[in-house]
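I sat down with a new structure today and kept a notebook as I went. Here is what I looked up, entry by entry.

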Amino acid sequence: MKNFSTVMAHAAAVALLACAASGAAVAQTNAAGPSAACAFRPDAPDKHVVVKRDTLWDISGKFLRNPWCWPQVWGMNRDEIRNPHWIYPGQVIWFDRARGRLSLDRPGDGDGRGQPPLTRLSPQVRSEGTDQGAVPSIPASAIEPYLTQPLVVESDELAGAPRIVASQEGRVYLGMGDRVYVHGALTGDTVYQVFRPGTVLRDPQTGKVMAHEAAFLGSVKLVTAAAPGVDAHTFQVVDTVREMGVGDLLVPQPPTPVRNYVPHAPLQPIDARVMSIYAGVTYAGQSQVVTVNRGAVDGLDVGAVLQLYHVGKTVADPASRGFLGMRRAQLKMPDEQNGNLFIFRVFKNVSYGLIMTVTAPVQVGDVVKSPE
C-alpha cells in the first residue's frame with residue numbers, strides 16, 4: 001500500500017486500538033489523546049520530515065514516550081498493524097496537539113473543522129520486497145541474517161525431519177550441483193534448507209526442551225520424489241554456506257518473511273523469560289538477538305514489543321531472627337526494568353527478539369513482559 005494513512009471518522013467517536021496488554025480489542029472513545037502509558041513526549045516536535053535513514057521505531061521515539069504506542073496515536077486496528085501502509089522519505093508527519101494524534105495531514109486541513117480528512121483505503125496487493133524505499137520498522141541490517149535461515153527447529157519438527165542418507169559417488173562433503181539422497185516424508189515443497197541441530201533451548205521456568213537452534217548449511221531442491229519401492233528422494237544441492245553431508249536434516253524453505261511491521265503491544269499479556277542469547281554469549285546488549293520461551297500459540301506476533309526486567313533478588317529479612325540465626329524469613333525484591341525487546345521472528349513456541357534499548361546487560365532467565 002502506498003500511503004501510511006489513518007482511518008478516522010469525522011464524528012467525535014474515534015477508533016482506537018485499546019492497550020493490548022489488557023487483552024482488549026479496538027474500542028470507541030471520545031478521549032482526545034492516547035492513554036497515560038502512551039503519552040507524547042513533552043519535547044515532541046510539531047512535525048517530522050521523514051528521511052531515508054529513519055525507522056518507525058526512531059520516528060515513534062521522537063513523538064512518544066513509548067514507541068510501541070504508535071498504533072494508538074494513528075487509530076490503527078489489528079489488520080493495519082499486521083499489514084501496515086508504507087511511509088516514505090519526504091513525507092511529513094504532523095503532530096495534532098489538540099487531538100493528540102499523528103497525521104500525514106497538517107492540523108486544520110481536511111474538512112475545515114480541524115478534523116483530519118477521512119481516508120478510505122481500498123484493498124491492494126501487498127508485495128514484500130517491492131517497496132524498497134519504504135521506511136522499515138527497525139534497522140534491517142540488524143536482523144537480516146536471522147530472517148531467512150532456520151534458526152530454530154522445534155522438537156516436533158526435528159523428530160520428523162527428512163535427512164540426507166547418501167550422496168552422489170559417496171562424497172563426504174557436498175557442493176553446488178551435487179546430488180544427494182534423502183529419506184523421510186516430504187511436505188510437498190520443492191526447495192528445502194539443510195541444517196544441523198545445535199544448542200538445545202530449554203525453558204528457564206520449566207526445564208522443558210522447547211527447540212534446538214539450527215546451524216544453517218545451505219539449500220537443496222527436489223529432483224525426483226521416491227517412486228514406489230524406493231526409500232530415498234533425489235535432491236540437488238543449490239548452495240552451501242557450510243560443509244554439508246550425510247546425516248544432516250531438511251526443513252522446507254520458509255515463505256518470504258515480513259520485513260515491515262508496526263511496533264505494537266502484544267495481542268495478549270505475555271510473561272516470558274529470556275531463553276538464550278544468540279551466539280552463546282553470557283550477556284547481551286543493545287542490538288543483540290535473544291530467544292524467549294513464548295511464540296505464536298501464546299499470542300506473540302511479528303512487531304510486538306516487550307519490556308525486559310532483571311529478576312528481583314531474594315534477601316533475608318533483617319527483622320527476622322529465625323532459628324539460632326538460621327532460616328530467616330526471605331523477602332523478594334521487585335524486578336528491575338532494564339530494556340525493550342522487539343519481536344521480529346515468531347515460531348510456534350519460541351520467538352526471536354532484537355534488544356532495542358537497554359540500561360544493564362541482559363542475561364538468560366531475565367523476565368520479558370507486556371509493556372505496562
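The entries below go from the whole chain to a few strands and then to one charged residue.

**Entry 1: the overall picture**

I began by noting that this is a predicted model. I then asked how many helices and strands the protein has. I found 5 helices and 22 strands. The protein has 372 residues, and buried ones make up 43% of them. I also looked at contacts between residues at least 6 apart in sequence, and 71% of these join residues at least 24 apart.

**Entry 2: the open sheet**

Next I turned to an open sheet of 3 strands, which runs in the order β3-β4-β5 with antiparallel pairing. Which strands stand at the edges? They are β3 (47-49) and β5 (101-103); each has a single partner strand, so one side of each lacks a neighbour in the sheet. On average, neighbouring strands here are turned by 15 degrees against each other, direction ignored.

I checked how β3 is held to β4 (residues 92-96) and counted 3 bridges, with the two strands antiparallel. One pair I wrote down is Lys47 with its bridge partner Trp94 in β4.

Then I looked for what packs on this sheet. Helix α1 (residues 56-63) does, and it touches β3, β4 and β5. The direction of α1 makes about 155 degrees with that of β3.

**Entry 3: strand β8 and its two partners**

I moved on to β8 (residues 179-183) and asked which of its residues are on the covered face. Val180 and Val182 are on that face, while Arg179, Tyr181 and His183 make up the uncovered one.

I followed the pairing of β8 to β7 (residues 163-167), where 4 bridges join the strands in the antiparallel sense. Across this pairing, Arg163 stands opposite His183. I also followed β8 to β11 (residues 233-240), again finding 4 bridges and an antiparallel run. Here Val180, from the covered face of β8, has Phe235 in β11 as its bridge partner.

**Entry 4: the barrel**

I traced a barrel next. In it, 6 strands close up in the order β13-β15-β20-β19-β16-β22, with antiparallel pairing. Neighbouring strands of the barrel are turned by 45 degrees against each other on average, direction ignored. I picked out β16 (residues 305-310), which pairs with β19 over 6 bridges in the antiparallel sense. Tyr309 stands opposite Gln337 in β19.

**Entry 5: Glu154 and Lys348**

I saved a charged residue for last: Glu154, in strand β6 (residues 152-154). Is Glu154 buried, and what lies across from its charge? Glu154 is buried and has no salt bridge; the nearest side chain of opposite charge belongs to Lys348, at 5.4 Å. A salt bridge would need the charged atoms within 4 Å. The side chain of Glu154 does reach the backbone nitrogen of Lys348, at 3.0 Å.

Leaving aside neighbours within four places in sequence, I listed the contacts of Glu154 as Met210, Ala211, Phe347, Lys348, Asn349 and Val350.

I then looked at Lys348 itself, which sits in the loop between β19 (336-346) and β20 (351-358). Is Lys348 buried or exposed? Its relative accessibility is 37%, so Lys348 counts as partly exposed. With the same neighbours set aside, Lys348 is in contact with Glu154, Asp156, Gly295, Ala296 and Val297. I also noted that Lys348 and Ala211 are 137 residues apart in sequence, with 10.0 Å between their C-alpha atoms.

Methods
Residues are numbered from 1 along each chain as its sequence is written. This is a predicted model: local features need pLDDT of at least 70, side-chain atom pairs count only at pLDDT 80 or more; totals for chains, interfaces and linings use all residues. Side-chain values use heavy atoms; hydrogens and water are left out. Two strands pair if DSSP finds at least two bridges between them. Axes are lines fitted to C-alpha atoms, for helices over the stretch in contact, and angles run from 0 to 180 degrees between N-to-C directions. Contact means heavy atoms within 4.5 Å. Buried means under 20% relative accessible area, exposed over 50%, partly exposed in between (1.4 Å probe, protein chains only). Lys and Arg count as positive and Asp and Glu as negative; His and the chain ends are not counted. A polar contact is a pair of N or O atoms within 3.5 Å; within protein, one must be able to donate a hydrogen and the other to accept it, and residues adjacent in sequence count only if both atoms are side-chain atoms.
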